[in-house]
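Good morning, colleagues. I should like to take you through one structure today, beginning with its domains and ending with its nonpolar cores.

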Amino acid sequence: MGLIQGGAFRIFRIAGINVYLHWTWLLVAAYSVQTRVNANRPPIWAVAEYLALFGIVLLHEFGHAFACRSVGGKAERIMLWPLGGIAFVEPPPRPGAVLWSIAAGPLVNVVLVPLLFGGAVAADVAGKEVINAGASECIWTIAWINLGLLIFNLMPFYPLDGGQILQSMLWFAVGRGRSLQIAGGIGALAGAAMIAGALSFGDIFLAVIAGFLMLQAWNGVRTGKILRQMESLPRREGVHCPSCGERPVLGRVWPCERCQRPIDVFENDGVCTHCGHPAQRAICVHCGRTSPLDHTRHDKVVEAWPA
Ligand SMILES: [Zn+2]
Ligand SMILES: [Zn+2]
Ligand SMILES: [Zn+2]
């Protein structure tokens, strides 16, 4: 993982998690601070508010990342960009693990609600002689921003956290593929309604954000369809993915590592029937992780893809 990634640069690393900042964040930060500056108070408070927003979004993303790790998933990267943060989390493909990894983000904001409003009230009680009026206003603003972020994130529209929580709950009942189709469909409809609303108010910026969310939701619908097709394929008995425990699909779905023609790596000792090349690895169609196959020793095959 490089220092710079697609317009984002790494700002720090904590507990094995790299935090990246997209360069556009700086532009929006400068614009946002400028609009918050007014004649009644020094610009330092506008800067403080924006930095607090940054901190709140970061804590939210760390909530996702640590929860994902606590259930055995992968989380190595957080990116902050103008529309908020993204924690690149890969929880194990189980509905409970996904639900916890998603819910932990908004849960951070829930914990912050009493802390921030409590702090704001305490600052007011302490009085203007002790606490600077600008500082008091600043704490109130931060408390409201946190509450606003919480409410926004919990809207049940995929890909917002609320929509992903809905999806993982539906997953328990109707399976992964179908849950993604339903939650994605709701998210796409909400996105379309939001675009129409934003355009009727002439808010181009909001319309672009809504369009972005709608595309993501539609991608969810399409991924759900592919997952359902995969879920309906027959599975091989006696072999399990070492990462997620799911059985591999029965059939020629893996491209040969040399000739690229489709083979079944769990048949014929993994040797390609077209070119004779022995497969070294197999990707799990369920969780997407690749695990080694060692055909020189049968017990190693069993170790890599245990029965
Ligand atoms: Zn989140
Ligand atoms: Zn081949
Ligand atoms: Zn797997």
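What distance separates the centres of domain 1 and domain 2, taken over C-alpha atoms? The answer, in this predicted model, is 25 Å.

Let me place those domains in the chain. The domain assignment gives domain 1 as residues 4-154, domain 2 as 175-232 and domain 3 as 235-307. In secondary structure, the protein has eight helices and nine strands. Its C-alpha atoms fill a box of roughly 80 × 45 × 35 Å along the principal axes.

I turn now to the interior. Of the 307 residues in the protein, 31% are buried. As a general point, nonpolar side chains in soluble globular proteins tend to be buried together. Here, the largest nonpolar core contains 48 residues. Those with the most contacts inside this core are Y20, A65, I78, I139, Y158, A183 and I186. Helix α3, spanning residues 95-126, gives the most to the core, contributing nine residues.

Where does this core lie with respect to domain 1 and domain 2? Both domains give residues to the core, and it therefore lies between them.

There is also a second core, separate from the one just described and made up of eight residues. Among its members are W254, C256, V265 and C272.

Finally, a word on contacts along the sequence. If we take contacts between residues at least 6 apart in sequence, 51% of them join residues at least 24 apart.

To close, I would return to the main picture: a core of 48 residues, to which domain 1 and domain 2 both give residues. Thank you for your attention.

Methods. Residues numbered from 1 in each chain as written. Chains lettered and ligands numbered in written order. Predicted model: local features only at pLDDT ≥ 70, side-chain atom pairs only at ≥ 80, totals over all residues. Core = buried A, V, L, I, M, F, W, Y, C linked by C-beta atoms within 7 Å. Buried ≥ 20, exposed ≤ 12 C-beta atoms within 10 Å, placed from the backbone. Helix = DSSP H or I, 4+ residues; strand = E, 2+ residues; numbered from the N terminus. Domains from an automatic or database assignment. Contact = placed C-beta atoms within 7 Å.
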